[in-house]
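Reader: Hello! I would like a close look at one charged side chain and its surroundings, please. Could you take me through that part and then on to the rest of the fold?

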Amino acid sequence: MSQASVYDATGMGLNTDTIVSNLSKQTTYTYRTTNTTLVAMWESDVWTRHTATSYAGGDGSASNPYQIANASQLAKLAKDSHSNNMLEVYFKMTANIDLAGHIWEGIGGPTHALRFVGHFDGGYHSITNMKTSAGDYLPTHAGLFALTDLNSGSIIENVIIRDSQIEGTGDVGAITGNGATYIQNCIVENTSIKSQTGAAGGIIGCQYFNTENCIVRNCTIQSGSANVYNYLKNTLGFSEV
């Protein structure tokens, strides 16, 4: 039987305010009844419910990174990163990945303590058909990565994002929604980026701290569209020291 999670969507932080999960159809659940907006999402709709049990190879070291060869393995990284910040853990894509079929939940987060601080090498392979929203469901920080942090050496490189729809209530970017990181050799093509109340950028949505350490090199944005409530720039949506 299909199951759903219920989110408190009254304010920002939709993806951090899960009220209850694993609800079956026709289940009654009582929650606050005033000044509250609730959104239900079938858990089968998100990629983190369709994860692989293991990576294609590797041990996560610099010399032998975990290998990611398909969408379910990429979803495994996303799911695992929601309970582990991946400090000094290395990942590498070994094939093109199509994310059609399910909603993407960004790598890193949902809390700031779980910002992704690992190393991710896309191997110049493409990620296509990434979609981060469905109906009334919108994450706060949206992108391939939701939250990242350079303080511990996070590096994201050689990633190609194509033909994707990336939308959130807060900070939105094709590579990362929010956070400082070292990003190089990334390409974004034919991708729409939309933020309802936050910042949006082609590569990074918003970077609040350690601006001098937020490094973007040799990245390009080709075609696509953007719709943003607050700040918008081609590469970096908003930055504050």
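What relative accessible area does K194 have?

Author: Happy to help! This is a predicted model, in which local features need pLDDT of at least 70 and side-chain atom pairs count only at pLDDT 80 or more, while totals for chains, interfaces and linings use all residues. Residues are numbered from 1 along each chain as its sequence is written, and side-chain values use heavy atoms, with hydrogens and water left out.

K194 has a relative accessible area of 32% and is partly exposed; buried means under 20%, exposed over 50%, and partly exposed lies in between (1.4 Å probe, protein chains only). Its side chain meets that of E167 in a salt bridge, at 3.8 Å from N to O. With E167 in strand 10 (residues 165–168) and K194 in strand 14, this pair ties together parts that are 27 residues apart in sequence. Strands (E, at least two residues) and helices (H or I, at least four) are DSSP runs, numbered from the N terminus. The partner, E167, counts as buried at 19% relative accessibility.

The whole structure holds three salt bridges, each a side-chain nitrogen of Lys or Arg within 4 Å of a carboxyl oxygen of Asp or Glu. Strand 14 appears in another of them: E189 bridges to R162, with the closest N and O atoms 2.5 Å apart. That pair links distant parts of the chain, since E189 sits in strand 14 and R162 in strand 9, 27 residues apart. E189 is buried, at 18%, whereas R162 is partly exposed, at 28%.

A salt bridge also joins D80 and K76, whose closest N and O atoms are 3.1 Å apart. These two are four residues apart in helix 1, separated by about one helical turn. K76 is buried, with a relative accessible area of 15%, and D80 is partly exposed at 25%. K76 also lies over the face of Y55, 5.2 Å from the ring centre; such a charge needs NZ of Lys or CZ of Arg within 6 Å of the ring centre and within 35 degrees of the ring normal.

Y55 leads us to the aromatic residues, as it forms one cluster with Y66, F91, F116, F120 and F145. The structure holds six aromatic pairs (ring centres of Phe, Tyr or the six-membered ring of Trp within 6.5 Å; planes under 30 degrees apart are stacked, over 60 edge-to-face, the rest tilted). In one of them, the rings of Y66 and F91 have centres 5.6 Å apart and planes at 35°, so the pair is tilted. Y66 belongs to strand 4 (residues 66–68) and F91 to strand 5, so parts 25 residues apart in sequence are tied together. Y66 is partly exposed at 25%, while F91 is buried at 2%.

F120 brings us to the largest nonpolar core, which has 38 residues; L74, W104, F120 and L144 have the most contacts inside it. Helix 1 (71–81), strand 5 (90–93), strand 7 (119–128), strand 9 (155–162) and strand 14 (187–195) each supply at least two of its residues, with helix 1 giving the most, five. Such a core is a set of buried Ala, Val, Leu, Ile, Met, Phe, Trp, Tyr and Cys residues joined through side-chain atoms within 4.5 Å. Leaving out residues up to four places away in sequence, L144 touches, among others, L74, W104, F120 and V159 (a contact means heavy atoms within 4.5 Å).
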